[in-house]
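Biologist: Let's go through the labels on this structure. I want the reasoning behind each one.

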Amino acid sequence: MKRLLTPIIPFIVLLPGVTPAVFAQTIYTHADSLWISRRLHEPKEISSTAELFLSVARQFLGKPYVAHTLDRNEYEKLVVDVQGVDCTTFIEYALALTFCLREGQTDFGNFLDYLRDIRYADGEVSYTARNHYFTVWTENNIGKGFVEPVKLPASPLSAIRRLQTDYMSTHVSSYAMLNRHREWLPGIIRMEQSITGRQMQYIPKAKLNDHRLLRGIIRDGDIIVIVTNKKGLDTSHIGIAVWQGATLHLLNASQVHKKVVIEPLTLYRYMQKHPSQIGISVVRVRESSHRQANTKSIQPS
């Protein structure tokens, strides 16, 4: 049976020309905190965490696609910018909101706490602790109980790619903060080496037109991880599975459409337009996070 999350009206003081506020190592604007707070206090009918996650993610539809929002500072900060998202920050914000709502936590500080745990290894806000590669992101968030891997069918319906990750360390000039702080490079190399040699199982994109097969594997609200053959990378894009009738589509922060959209093309046809995309793996949001309480909770300074 669905249960209703009852809204609690927050006390928010609206001040003209509010400058960005900072909670410890956190940066956000008044508009960001207001948008998040409204989402946290809206009534939600939910029967599963996946359903809630998809419902929350749909509220980002139309938000502009903006790259590199986490890399505008001199040093690493916990950035909240829901006015413009990329494919990863979109997933992170939606996931943090989902678990706040699921656990009945309605304070903005609760959202920040979840976001920090999702974005960083061990909750440490530092550039080298950020989950830059999505394989690292997945591994850390499986360990924390936020997500779980979806078992894929055996070969020949799936394939294996052995990872060789070194893109960041071999393209330092493409990463503004890392380029300014070359002393962080050893930490990035350690991250890359931690997943190099791993075998990544994926469904080749040629198989994605078999929607009867996909129906048995992928559910609404699953995180679709697009595997790439681009040298030095593991993945190139992520989004959320949305079934429209008998066909599978991608809810994503789209660089092509310049905003968050449900891709009008099926996932199969979408991927045919991108030669470097070779297939997908799938991650599922856990029914509850089972995370341990973080002893370094973010509080207003």
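Modeller: Axes are lines fitted to C-alpha atoms, for helices over the stretch in contact, and angles run from 0 to 180 degrees between N-to-C directions. Keep in mind that this is a predicted model.

Biologist: Why is α2 called oblique to α3?

Modeller: Helix α2 (residues 49–58) and helix α3 (residues 87–102) cross at roughly 130°, and their axes come within 9 Å. Roughly perpendicular covers 65 to 115 degrees, and roughly antiparallel starts over 145. The angle falls in neither range, so α2 is oblique to α3. The crossing is right-handed.

Biologist: Which residues of α2 make the contact with α3?

Modeller: Thr49, Leu52, Phe53, Val56 and Ala57 of α2. From α3, the residues include Phe90, Ile91, Leu95 and Arg102. By class, the contact has 11 nonpolar, 2 polar and 1 charged residues.

Biologist: What makes Glu192 buried?

Modeller: Its relative accessible area is 2%. Buried means under 20%, so Glu192 qualifies. Glu192 lies in helix α8 (residues 185–195).

Biologist: Which residues does Glu192 touch, not counting residues up to four places away in sequence?

Modeller: Tyr133, Thr165, Asp166, Tyr167, Met168 and Ser169. Contact here means heavy atoms within 4.5 Å. Glu192 and Gln164 are 28 residues apart in sequence and 8.2 Å apart in space, C-alpha to C-alpha.

Biologist: What makes β11 and β12 a pair?

Modeller: Pairing needs at least two bridges. Strand β11 (residues 247–254) and strand β12 (residues 259–262) have 4 bridges, in the antiparallel sense. They therefore count as paired. Asn252 stands opposite Val261 in β12. The hairpin has 4 residues between the strands, and Lys258 takes a positive phi near 65°.

Definitions and conventions
Residues numbered from 1 in each chain as written. Predicted model: local features only at pLDDT ≥ 70, side-chain atom pairs only at ≥ 80, totals over all residues. Heavy atoms only, no water. Helix = DSSP H or I, 4+ residues; strand = E, 2+ residues; numbered from the N terminus. Parallel < 35°, antiparallel > 145°, perpendicular 65-115°, else oblique. Left-handed = near helix turned anticlockwise from the far one by under 90°. Nonpolar A, V, L, I, M, F, W, Y, C, P; charged D, E, K, R; others polar. Buried < 20%, exposed > 50% of the residue type's maximum accessible area, 1.4 Å probe, protein only.
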